[in-house]
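Me: I have a structure open and no idea how to read it. Can we go through it step by step?

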Amino acid sequence: MREKHRPVYSSDKGRLCPTCTQPVASCRCNKKKAVPPPKGDGVVRIGRESKGRKGKGVTLITGMTLNPDELKALAADLKKLCGCGGTVKDGVIEIQGEQRQTLFDALQKRGFKVKLSGG
Ligand SMILES: [Zn+2]
């Protein structure tokens with residue numbers, strides 16, 4: 001069984017990264033450069049927040065994977081639809097008032113996977 005004693009150089013590690021010479025599986029070079037994956041799981045969540053807003057709640061839409069321009073445009077549409085003010089903050093659309101059902105229907109109509117969350 002001379003095969004047994006033959007040293008194995010790379011077949012056990014697979015491909016090596018040319019940058020850090022680590023096995024590709026444990027290499028972090030590409031992971032740093034890679035575009036961060038969209039936040040969340042592709043499900044848009046519609047929640048509510050009323051803390052510290054003097055009882056006037058806002059409806060929050062999170063989990064959006066749109067780019068900032070698309071997000072702004074969508075927020076503008078939703079504001080018009082609800083007849084309320086709102087903003088986009090850190091990728092989250094905030095619409096004033098309790099608008100969850102309206103937004104749920106509107107987003108679903110646009111083809112988003114939507115879930116209502118929070119109380
Ligand atoms: Zn590497």
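Reply: Start with the vocabulary. Helices and strands are DSSP runs, numbered from the N terminus; a helix needs at least four residues and a strand at least two. Keep in mind that this is a predicted model.

Me: In what pattern do helices and strands follow each other along the sequence?

Reply: Read along the chain, the order is α-β-β-α-β-β-α-β. In total there are three helices and five strands.

Me: How much of the chain is buried?

Reply: Burial is a matter of counting neighbours. A residue is buried if 20 or more other C-beta atoms lie within 10 Å of its own. Here 15% of the 119 residues count as buried.

Me: Why does glycine 63 count as buried?

Reply: Apply the cut-off of 20. Glycine 63 has 21 C-beta neighbours inside 10 Å, so it counts as buried. Now place it: glycine 63 sits in the loop between S2 and H2. Then look across to glycine 91. The two glycines are 28 residues apart in sequence, and their C-alpha atoms are 8.0 Å apart in space.

Me: What share of the contacts links residues far along the sequence, 24 or more positions apart?

Reply: Take the contacts with a separation of 6 or more. Residues 24 or more positions apart account for 39% of them.

Me: Which residues have the most contacts inside the largest nonpolar core?

Reply: That core has 13 residues, and the best connected within it are Val44, Ile46, Ile61, Leu78, Ile93, Ile95 and Leu103. At least two core residues come from each of strand S1 (43-49), strand S2 (58-62), helix H2 (68-82) and strand S4 (92-96). S2 gives the most, with three residues.

Me: What does isoleucine 61 touch?

Reply: Skip its neighbours within four places in sequence. Isoleucine 61 is then in contact with Val44, Ile46, Val92, Ile93 and Leu103.

Me: How do H2 and H3 pack?

Reply: For two helices, look at angle and distance. H2 and helix H3 (residues 100-109) pack at about 130 degrees, and their axes are 11 Å apart. That angle makes H2 oblique to H3. The crossing of H2 past H3 is right-handed.

Me: Which residues meet there?

Reply: H2 brings Leu78, Leu81 and Cys82; H3 brings Thr102, Leu103 and Ala106. By class, this contact has five nonpolar residues, one polar and no charged ones. Leu78 and Leu103 should look familiar: both are among the residues with the most contacts inside the largest core.

Methods
Residues are numbered from 1 along each chain as its sequence is written. This is a predicted model: local features need pLDDT of at least 70, side-chain atom pairs count only at pLDDT 80 or more; totals for chains, interfaces and linings use all residues. A nonpolar core is a set of buried Ala, Val, Leu, Ile, Met, Phe, Trp, Tyr and Cys residues joined through C-beta atoms within 7 Å. A residue is buried if 20 or more other C-beta atoms lie within 10 Å of its own, exposed if 12 or fewer, and partly exposed in between; C-beta atoms are placed from the backbone. Two residues are in contact if their C-beta atoms, placed from the backbone, lie within 7 Å. Axes are lines fitted to C-alpha atoms, for helices over the stretch in contact, and angles run from 0 to 180 degrees between N-to-C directions. Angles under 35 degrees count as roughly parallel, over 145 as roughly antiparallel, 65 to 115 as roughly perpendicular and the rest as oblique. A crossing is left-handed if the near helix is turned anticlockwise from the far one by less than a right angle, and right-handed if clockwise. Ala, Val, Leu, Ile, Met, Phe, Trp, Tyr, Cys and Pro count as nonpolar, Asp, Glu, Lys and Arg as charged, and the others, Gly among them, as polar.
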